[in-house]
Amino acid sequence: MTEERQRSMAVLPWMRDPIDVTLCEELPLHSVPLLHPTLQLALQNMGISKLFPVQVAVWQETVGPGNFRRDICVNSPTGSGKTLAYALPIVQMLSTRVVKCLRALVVVPTRDLALQVKQVFDAVASPLGLHVGLAVGQSSVADEISSLVYVPGHDPGTCFDPPDALLRFQSKVDILVATPGRLMDHINSTKGFTLEHLYYLVVDETDRLLREAYQSWLPTVLELTQFSDDVFRPADSLSPFSLGGALRTRRRCGVERGFKDNPYPRLAKMVLSATLTQDPGRLVQLNLHHPLFLRAGKMRYRLPENLESYKLICERKVKPLYLVALLKSLGEEKCIVFTKSVDSTHRLCKLLKCFGDLQIDIKEYSGLQHQRVRSKTLNEFRQGDFQVLVSSDAMTRGMDVEGVRNVINYDMPKYIKTYVHRAGRTARAGQTGRCFTMMAEDEVRRFKKLMQKAEARSCLEHSVPSSLIEELHTTYQSALAKFKEIILETRKKPKD
């Protein structure tokens, strides 16, 4: 979509007058109104002593005076605390539940992000006796089902008569974090998996989830959580495993079990992103209820407050040489290098490992790898086992790795959205960080236009010492020769 079309696109009325969350002040935990004492202790055990502005704003509109009368849309920079912003009120409001049912569903686009979100929920939900499930396809379907649904008095693998099963199945979780594909698997195939009691729906990284269909997960979820007056029809008139084998679950009118004296509430939604779409055609899919738009700053795109942005100009044919020189100049600081594709990530990582005596530990992270390999690599990077992670854009969405001081755009992103998400891997939660973008001379103008779309300070030019470039030149030539030999050998190997 061209920039001209974006500017002329109609904006939904509720997006024209957003609430600026930057006007909220950070709030010490002891000053947060209505915060459950156990939840406060859990946050302190996580090393958290205060809530950030976006967390304060969401709390006020959900647990506080706003009382979640409206759906919440949040457009806030990466690293500003959006995950905790929705995790806290959900856990707080579910803490009074009596009967265990699936009441909160959080949908995210990737497995790694789902694992990260679940860790946050576990830390704040477990002390209050709430159970958090995960549906991402990381384990077998059978293992995942056994962790989500419980049938009392029966052994696994027993066949059930469907009408009888409706009376016996129980949820093992109060909160579920899921990727859309695996969520649809459970909706369509898992007996006893029901959205009937769903109270909250969170759509994290909304723009990506709305841009890609993911088996029509959103209309399916909304369909299964509608109020329905036909749930009291005779049992033989119901088809519990219609909709492609799914247990058909419609929200019931009347009093909700587990919430004393509460009428069954509407499905409350929170949608969040650092680059929330303004496309009415996409947003209308969410069927939002009098939405309230919370945004950080006046511009649509905003970079972390403590981020320093730099451009590094170099010739294309010696770009890897400049990258190595930059990495060496950064010392032992933890760094993520972004490329334009999974293939570019793989090739660049192989080339860097051809440099003799580089003294920098480098690993690859991309969609070409198996999930177990990616998870292991990410855990090792978090623990500081190696210094530099070369990644495709699989790492750009929501991933939080403590201590990342530098982000390097080896390939300049085409869109400001991509730049915002990449740069947001550093300077998180009030910390400082730097983002370097490598480019040829003829790309400088396009980069300047790109940065003008974001609420950012000036981007300075960075240079690496010429002495370091000269020192590495011979090593670079040797690395190129070695890399070409590896490529030739790979091509000669017969494919299985």
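**Close-up 1. Strand β4 and its two partner strands.** In this predicted model, strands β4 and β13 run parallel and are paired over four bridges. One place to look is valine 74, whose bridge partner in β13 is leucine 272. β4 is also joined to strand β14 (residues 292-295), again in parallel and through four bridges. Here, isoleucine 72 has leucine 292 of β14 standing opposite. Now follow the side chains: in a regular strand they alternate between the two faces of the sheet. In β4 (residues 72-75), Ile72 and Val74 point one way, while Cys73 and Asn75 point the other way. Are these residues buried or exposed? All of them are buried.

**Close-up 2. Threonine 275 in its loop.** Find the loop between β13 (268-273) and α12 (280-283), and you will find threonine 275 there. The relative accessibility of threonine 275 is 0%, so this residue counts as buried. Which residues does threonine 275 contact, once neighbours within four places in sequence are left aside? They are Asn75, Asp207, Tyr301, Arg397, Lys417, Val420 and His421. You may recognise Asn75 from the strand β4 view.

**Close-up 3. Lysine 118 on helix α5.** This view centres on lysine 118, which lies in helix α5 (residues 111-125). Why does lysine 118 count as buried? Its relative accessibility is 19%, and buried means under 20%. Not counting residues up to four places away in sequence, lysine 118 touches Val132, Gly133, Leu134 and Val177.

**Close-up 4. Helices α3 and α4 packed together.** Two packed helices are described by the angle between their axes and the distance between the axes. For helix α3 (residues 53-62) and helix α4 (residues 82-94), the angle is about 30 degrees and the axes are 8 Å apart. That angle makes α3 roughly parallel to α4, and α3 passes α4 in a right-handed crossing. From α3, the contact is made by Val54, Gln55, Val58, Trp59 and Thr62. From α4, Lys82, Leu84, Ala85, Leu88, Pro89, Gln92 and Met93 take part. What kinds of residue make up this contact? Eight are nonpolar, three are polar and one is charged.

**Close-up 5. An open sheet of seven strands.** To trace this sheet from side to side, follow the order β18-β19-β17-β20-β21-β16-β23, where the pairing is parallel. Which strands stand at the edges? They are β18 (362-365) and β23 (460-461); each has a single partner strand, so one side of each is left without a neighbour in the sheet. β23 pairs with strand β16 (residues 307-313) in the parallel sense over two bridges. At one spot to pick out, tyrosine 310 has leucine 460 of β23 as its bridge partner.

**Close-up 6. Two helices on the seven-stranded sheet.** Helix α14 (residues 342-352) packs on the sheet and touches β17 (335-338), β18 and β19 (388-391). The direction of α14 makes about 170 degrees with that of β18. Helix α17 (residues 444-452) also packs on the sheet, touching β16 and β21 (433-439). Its direction makes about 165 degrees with that of β16.

**Putting the views in context.** How many helices and strands does the protein have? Its secondary structure comes to 18 helices and 23 strands. Of its 496 residues, 54% count as buried. Among contacts between residues at least 6 apart in sequence, 80% join residues at least 24 apart.

Notes:
Residues are numbered from 1 along each chain as its sequence is written. This is a predicted model: local features need pLDDT of at least 70, side-chain atom pairs count only at pLDDT 80 or more; totals for chains, interfaces and linings use all residues. Side-chain values use heavy atoms; hydrogens and water are left out. Axes are lines fitted to C-alpha atoms, for helices over the stretch in contact, and angles run from 0 to 180 degrees between N-to-C directions. Angles under 35 degrees count as roughly parallel, over 145 as roughly antiparallel, 65 to 115 as roughly perpendicular and the rest as oblique. A crossing is left-handed if the near helix is turned anticlockwise from the far one by less than a right angle, and right-handed if clockwise. Contact means heavy atoms within 4.5 Å. Ala, Val, Leu, Ile, Met, Phe, Trp, Tyr, Cys and Pro count as nonpolar, Asp, Glu, Lys and Arg as charged, and the others, Gly among them, as polar. Two strands pair if DSSP finds at least two bridges between them. Buried means under 20% relative accessible area, exposed over 50%, partly exposed in between (1.4 Å probe, protein chains only).
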